[in-house]
Amino acid sequence: MVNSIEFAKRIEKILSYYGISATAFAVAIDFNRSTISHILSGRNKPSLEFVLKIVETYPEVELYWLLNGKGSFPPAQDSSITISEEKIEEVKNETKPSVQQKVNIENSLPPISTKSNASKIDRIVIFYTDGSFKEYLP
């Protein structure tokens, strides 16, 4: 069972770590501000959806720490992982298309018609999810 008071303290630690307000936190995890307020005050217990949204939005937050307070937050910095400048440039260059790729893309595009006798718009109709529509005539 999750201790509401201790859970609220862990949420406050997350807010402090990221330097955000409860309102910004609510927006980030897509929850109502009132839900955050009730959890922070210890009035309500967190739902599974609430906990999963936090872990999904903030991957540095470990689920076990969030629920039980065991483990650490913020996560310890792993100094064994280093990325060289050469590797960063290599990755950047892999994502850029080559000149030949650009030429192939441009050649595969259909030609743009510049004829002045092109078709005219007769009407525009917008359909809404409630089944209604709006028609616009030029």
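**Salt bridges, buried faces and a hairpin**

Tutor: Let's start with a pair of side chains: E6 and K9 meet in a salt bridge, at 3.6 Å from N to O. Keep in mind that this is a predicted model.

Student: What makes the contact of E6 and K9 a salt bridge?

Tutor: The rule asks for a side-chain nitrogen of Lys or Arg within 4 Å of a carboxyl oxygen of Asp or Glu. The N to O distance for E6 and K9 is 3.6 Å, so the pair qualifies. The two are three residues apart in helix α1, which means about one helical turn separates them.

Student: Why is E6 called partly exposed?

Tutor: Buried means under 20% relative accessible area and exposed means over 50%. E6 is at 35%, so it falls in between. K9, with 47%, is partly exposed as well.

Student: How many salt bridges are there by this rule?

Tutor: The count comes to three. Another one joins the side chains of D30 and K53, at 3.8 Å from N to O. That pair links distant parts of the chain, 23 residues apart: D30 is in the loop between α2 and α3, and K53 is in helix α4.

Student: Why is D30 called exposed, and what is K53 called?

Tutor: D30 has a relative accessible area of 58%, over the 50% cut-off, so the word is exposed. K53, at 22%, is partly exposed. D30 also has a phi near 60 degrees, a positive value in a residue other than glycine.

Student: What does the salt bridge of E135 and R123 tie together?

Tutor: Their side chains meet at 2.9 Å, N to O. E135 lies in strand β2 and R123 in the loop between α7 and β1, so the pair ties together parts that are 12 residues apart in sequence. E135 is partly exposed at 37% relative accessibility.

Student: Why does R10 have no salt bridge?

Tutor: The nearest side chain of opposite charge, E6, is 4.7 Å away, and the cut-off is 4 Å, so the pair does not count. R10 is nevertheless buried. This arginine sits in helix α1 and touches W65, L66, L67, N68 and G69, leaving aside residues up to four places away in sequence.

Student: How do you know that the buried residues of α1 line one face of the helix?

Tutor: First, the list: S4, F7, A8, R10, I11, I14 and L15 are the buried residues of α1. Seen down the axis, they fall within an arc of 160 degrees, so they line one face. What covers them includes α2, α3, α4 and α5.

Student: How do you know that the span of α1 agrees with its number of residues?

Tutor: At 1.5 Å a residue, its 15 residues should span 21 Å, and the end C-alpha atoms are 21 Å apart.

Student: Which residues of α2 are buried, and where do they point?

Tutor: A22, F25, A26 and I29 are buried in α2. Down the helix axis they fall within an arc of 100 degrees, so they too line one face. They pack against α1, α3 and α4.

Student: What makes β1 and β2 a pair?

Tutor: Pairing needs at least two bridges, and these strands have four, so they qualify, in the antiparallel sense. One bridge partners I126 with K134 in β2. Five residues lie between the strands of this hairpin, where G131 takes a positive phi near 95 degrees.

Methods:
Residues numbered from 1 in each chain as written. Predicted model: local features only at pLDDT ≥ 70, side-chain atom pairs only at ≥ 80, totals over all residues. Heavy atoms only, no water. Buried < 20%, exposed > 50% of the residue type's maximum accessible area, 1.4 Å probe, protein only. Lys, Arg positive; Asp, Glu negative; His and termini not counted. Contact = heavy atoms within 4.5 Å. Arc of directions from axis to C-beta. Expected span 1.5 Å × (residues − 1).
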